[in-house]
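Student: Could we go through this structure together? I would like to hear the reasoning behind each label.

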Amino acid sequence: MENIKYENGTLFLLDQTLLPNEEKYIVPKTKEDYFNAIKKLQVRGAPAIGIFAAWAMALLDGDKEELKKYLDSARPTAVNLSWATERMLNAYKSGKNLIDEALAINNEDKEMCKKISEYGLSLLKDGDGILTHCNAGALATSSYGTGLGPLLLGKEKGYNFKVFTDETRPLLQGARLTSYELEKAGVDVTLICDNMASLVMKQGKINAVLVGADRIAANGDTANKIGTSGVAILAKHYSIPFYVLAPYSTIDFNCKSGDDIVIEERDGEEIKNMFFEKPTALKETKCFNPAFDVTDNELITAIITERGIIKKPFNKELKKIYD
């Protein structure tokens with residue numbers, strides 16, 4: 001299933017806030033439509049956000065520099081967003097065809113996903129038990145995905161994994177999207193509460209943890225969906241490999257460490273009201289709803305990009321793949 005489709009001059013976006021109950025495509029027309037789609041997580045996942053923003057830069061008229069600033073402010077933690085808008089702005093200044101440039105970004109992402117998936121799959125064995133956190137599959141990218149890519153590619157190649165998927169905030173993306181994608185692909189998946197990750201690890205059901213990332217600092221710290229660092233701590237305790245799979249463009253070499261990563265805080269109503277028939281807490285109850293937390297590099301076994309498998313020391317090894 002394609003989450004972003006460009007057909008006959010029109011862009012169609014699969015509204016991921018409606019999944020898994022409704023598969024509906026929307027057509028953004030204004031800069032506000034594009035901004036809100038990013039902000040409200042109708043499109044989500046670092047690579048997909050970048051692709052979608054590239055199309056916004058290509059299809060919308062007006063001051064491109066101002067448009068870039070506006071779009072970037074929708075999700076400040078997702079480095080692919082600003083990376084894609086910067087590339088499109090440079091293409092505009094160079095006189096390139098912006099439709100062709102957006103298509104190039106989309107097609108490059110497909111190739112990137114395939115390479116990440118192949119590298120990731122090389123670290124797994126048939127029959128492995130895998131824990132996933134958040135959603136980093138085809139819905140978050142152009143195809144295959146990053147964190148889920150090895151599982152989807154493995155299924156095509158005849159691997160049989162036993163996958164446990166955490167619910168994952170924000171917006172319960174593991175429950176709504178990851179289990180949805182894996183079920184659709186025919187992968188054996190079991191949905192668990194986030195606080196049960198320790199139990200399945202203790203029971204010996206997990207051989208590896210696969211997660212995506214929205215920003216990777218130069219020292220290897222990663223900004224992941226909220227709760228990922230807790231999963232990493234558990235994995236280290238139980239001596240389970242913890243793999244971060246993300247595109248090269250997610251690495252922010254200007255960001256020295258995770259301490260410099262801006263953590264987006266989302267509306268607390270997402271916790272109390274969204275996806276529930278009735279509120280789950282009193283109206284006056286305060287909420288703290290960060291979109292990400294930062295996983296320390298010491299908890300990470302390897303970072304997998306389309307350029308290869310990077311192991312410790314990350315601050316040195318990441319520099320080797322720097323353009």
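**One side of a helix**

Tutor: Gladly! In this predicted model, helix H3 spans residues 64-72, and its residues Lys64, Leu67, Lys68, Leu71 and Asp72 are buried.

Student: What makes a residue count as buried?

Tutor: Its relative accessible area has to be under 20%. Lys64, Leu67, Lys68, Leu71 and Asp72 are buried in H3, so each of them falls under that cut-off.

Student: How do you know which side of H3 they are on?

Tutor: They cover an arc of only 130° around the axis, so they sit on the same side of H3. In an α-helix there are 3.6 residues a turn, so residues three or four places apart point the same way.

Student: What covers the buried residues of H3?

Tutor: The cover includes helix H1 (31-39), helix H2 (46-59), helix H4 (79-93) and helix H5 (98-121).

Student: And at the start of H3, what makes the approach of Asp63 to Glu65 a polar contact?

Tutor: A side-chain oxygen of Asp63 comes to within 2.9 Å of the backbone nitrogen of Glu65. The limit for such an oxygen and nitrogen pair is 3.5 Å, so this pair qualifies.

Student: Now the cavities: how many are there of 30 Å³ or more?

Tutor: Two. The largest has a volume of about 150 Å³, and the second largest about 50 Å³.

Student: Why are Glu2 and Lys110 called charged in the lining of the second largest cavity?

Tutor: Both are among the residues that line it. Glu and Lys belong to the charged class, so these two carry that label. The lining divides into two nonpolar, four polar and two charged residues.

Note on methods
Residues numbered from 1 in each chain as written. Predicted model: local features only at pLDDT ≥ 70, side-chain atom pairs only at ≥ 80, totals over all residues. Heavy atoms only, no water. Buried < 20%, exposed > 50% of the residue type's maximum accessible area, 1.4 Å probe, protein only. Helix = DSSP H or I, 4+ residues; strand = E, 2+ residues; numbered from the N terminus. Arc of directions from axis to C-beta. Contact = heavy atoms within 4.5 Å. Polar contact = N/O pair within 3.5 Å; in protein donor to acceptor, adjacent residues only side chain to side chain. 1 Å grid on protein atoms, 1.4 Å probe; cavity = no way out; pocket = protein on both sides within 12 Å on 5 of 7 lines; lining within 4 Å. Points joined across faces, edges and corners; volume = space filled by probe spheres on them.
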